[in-house]
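In this notebook I record what I looked up about helix packing and charged pairs. The entries follow the order of my reading.

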Amino acid sequence: MEQRVLGRTGREVSVVGLGTWQLGADWGQVREEDALAVLDAAVESGVTFFDTADVYGDGRSERLIGRFLAERPGADVFVATKMGRRVDQLPGNYNLANFRAWTDRSRTNLGVETLDLVQLHCPPSEVYSSDEVFEALDTLVAEKRIAAYAVSVETCAQALEAIARPGTASVQIILNPFRLKPLQEVLPAAAEAGVGIIARVPLASGLLSGRYTRETVFSPDDHRSFNRHGEAFDQGETFSGVDYETGLAAAAEFAGLAPEGMTPAQTALRWVIQQPGVTSVIPGARGTGQARANAAAAELPPLPQRTLEAIAALFSLFTPSAPCLPSFPPRSPMCPCG
């Protein structure tokens, strides 16, 4: 699989990685043996990049990755984790003492001395402007608790502020054909600064797979049931913040644009891969077939220009007037102008 340098880490990672939120059982229950099989299928398919967080299953996702890597010592996998969402979201909680405690816990969960990459996990906006926070992160690097640090953000403004920090290795941001705003400023700024881009929620929580209907029922412990309106955390993490009914209609149109030989999900992943400045896209997978199909998107031909243009034009079907899309208010996630 194609490898790209992950920003200021200097390390190469696969252009399709594996997001492991679902392995923490936050998308419904996943048996331990099934989770390990997903990790194995991804690696066998060429994936060399796992993304996790200390809050996924309260550490379950990290521990499963740690067990997998211990049992597969030859697997060359770069692991990015996240920290900060296990406490009240107050800027003052983002301090060196907590950083040390959080990273020590993740090191234990993953079974490593030094974490490859630690990302602040969508912290309050004030954190990005705090010199003390970034000095504390530099200290973690000096102490060899972590090899590099990064951020996972909710907004483009947060991304741009983090990119300006000289120690930020990469930025993780929601990017998919329903969430276009990062293309305007964030990706160009990151490329100019040598900062990597990790694209999360590339399938809009599965909407872009084309598998869901109005009759689809998600389990009560799946965030697609309990967080559709941001009840538990940022709404953008669930269906990219798009209203489910509206998203279904748009996803049905999108599925019709998939080139022959590609599934809708692979088409969405190829779209992300082809955006200039993207380092890796991190779809999740609940089964081995899904993990292999996602990885296979990296080997498929690039989307032709006519398909890219059709994807860009798709959302004009939903707009009452330019420049914003009709069923979405201005500045909504699906609006191309922001």
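Entry 1, helix packing. I worked from a predicted model. I looked up helix α6 (residues 156-163) and helix α7 (residues 186-193), and found that they pack at an angle of about 10 degrees, their axes being 10 Å apart. Angles under 35 degrees count as roughly parallel, and α6 and α7 are therefore roughly parallel to each other.

Entry 2, the contact. I noted which residues meet: C156, A159, L160 and I163 from α6, and V186, A189, A190 and A193 from α7. I sorted the residues of this contact and obtained eight nonpolar, no polar and no charged.

Entry 3, salt bridges. I recalled that side chains of opposite charge can pair when their charged atoms come close. I found 18 salt bridges in the structure.

Entry 4, E44 and R72. I recorded a salt bridge between these side chains at 3.0 Å, N to O. The pair links distant parts of the chain, 28 residues apart: E44 lies in helix α1 (residues 32-44), and R72 in the loop between α2 (60-71) and β5 (78-83). E44 is exposed, at 55% relative accessible area, whereas R72 is partly exposed, at 25%.

Entry 5, D131 and R165. I found their side chains joined in a salt bridge at 2.9 Å, N to O. D131 belongs to helix α5 (residues 131-142) and R165 to the loop between α6 and β8 (168-174), 34 residues apart. D131 is partly exposed, with a relative accessible area of 43%. Buried means under 20%, so R165, at 17% relative accessibility, counts as buried.

Entry 6, a network. I listed R100, D104, R107, E113, E143 and R145 as linked by a network of salt bridges.

Conventions:
Residues numbered from 1 in each chain as written. Predicted model: local features only at pLDDT ≥ 70, side-chain atom pairs only at ≥ 80, totals over all residues. Heavy atoms only, no water. Axes fitted to C-alpha atoms, helices over the stretch in contact; angles between N-to-C directions. Helix = DSSP H or I, 4+ residues; strand = E, 2+ residues; numbered from the N terminus. Parallel < 35°, antiparallel > 145°, perpendicular 65-115°, else oblique. Contact = heavy atoms within 4.5 Å. Nonpolar A, V, L, I, M, F, W, Y, C, P; charged D, E, K, R; others polar. Buried < 20%, exposed > 50% of the residue type's maximum accessible area, 1.4 Å probe, protein only.
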